[in-house]
Amino acid sequence: MACRLSEIVVDSRDPEALAAWWAEVLGYRVLGRDDDGAVEIGPEAGSGGAAPTLVFTPVDHWEPGKPRLHLDVNATDRDQDAELARLLDLGATRADVGQTGEESWHVLADPEGNPFCLLRRRLDPL
């Protein structure tokens, strides 16, 4: 197997309002709120299912040229370290977006420089 797309992360000025709007559009519900103001929405079944969740993260200002969304992936048949090695072998590179080093995920960039995160949790294949 490989990875599964598990989350789409969107920078937003008002995460609550944008999450509510997308929840209405998609028939999703709020799955959780983080202390930093991020809001996750998803299908009634919750996260880890066939459909990815959307996570709206707060940003104070927009940076021109910075992508406003990124993908999160989870390995399906190996642990995070083995999947990290596989992705790096495929041409991903480590990316610095200001993380502290204490995160449970890895920030990477695809061959064109688009950031994405490899999360720790393993998901079942579809």
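**Entry 1: the strands at β7**

I looked up V107 and found that this residue stands opposite C117 in β8. The model I am reading is a predicted one. I then traced the pairing around this contact. Strand β7 covers residues 106-109, and strand β8 covers residues 115-118. I record four bridges between β7 and β8, in the antiparallel sense.

I next examined the hairpin that β7 and β8 form. Five residues lie between the two strands. Among the residues of this hairpin, I noted G113, which takes a positive phi near 95 degrees.

I also looked up the pairing of β7 with β6. Strand β6 consists of residues 93-94 and pairs with β7 over two bridges. This pairing, too, is in the antiparallel sense. Here I found R94 opposite L108 in β7.

**Entry 2: the cysteines**

C117 led me to a search for disulfides. How many disulfides does the structure hold? I found zero. For C3, I noted that the nearest cysteine sulfur is that of C117, at 12 Å. C117 therefore forms no bond with C3, as a separation of 12 Å between the sulfurs is too far; the cut-off I applied for a disulfide is 2.5 Å.

I then asked of C117: is this residue buried or exposed? I list C117 as buried because its relative accessible area is 8%, and buried means under 20%. C3 has 25% relative accessibility and so counts as partly exposed.

**Entry 3: the tryptophans**

I searched the whole structure for aromatic pairs and obtained one. The pair is formed by W21 and W22, with 4.8 Å from centre to centre. I found 90 degrees between the planes, and the pair is edge-to-face.

I placed W22 in helix α1, which spans residues 15-26. I then checked the accessibility of both tryptophans. W21 counts as partly exposed because its relative accessibility is 48%. W22, with a relative accessible area of 32%, is likewise entered as partly exposed; the range for that term runs from 20% to 50%.

**Entry 4: the nonpolar patch**

Which residues make the nonpolar surface patch of about 390 Å²? I listed W21, W22, V25 and L26. The two residues of the aromatic pair, W21 and W22, thus recur in my list for this patch. At 32% relative accessibility, W22 meets the requirement for a patch residue, since the cut-off is over 30%.

Conventions. Residues are numbered from 1 along each chain as its sequence is written. This is a predicted model: local features need pLDDT of at least 70, side-chain atom pairs count only at pLDDT 80 or more; totals for chains, interfaces and linings use all residues. Side-chain values use heavy atoms; hydrogens and water are left out. Rings of Phe, Tyr and Trp (its six-membered ring) pair if their centres lie within 6.5 Å; planes under 30 degrees apart count as stacked, over 60 as edge-to-face and the rest as tilted. Buried means under 20% relative accessible area, exposed over 50%, partly exposed in between (1.4 Å probe, protein chains only). Patches are made of residues with over 30% relative accessible area and no salt bridge: like charges are joined within 9 Å, nonpolar side chains (Val, Leu, Ile, Met, Phe, Trp, Tyr) within 5 Å. Accessible areas come from the Shrake-Rupley method with a 1.4 Å probe; for residues, only the protein chains shown count as cover. A salt bridge is a side-chain nitrogen of Lys or Arg within 4 Å of a carboxyl oxygen of Asp or Glu. Two strands pair if DSSP finds at least two bridges between them.
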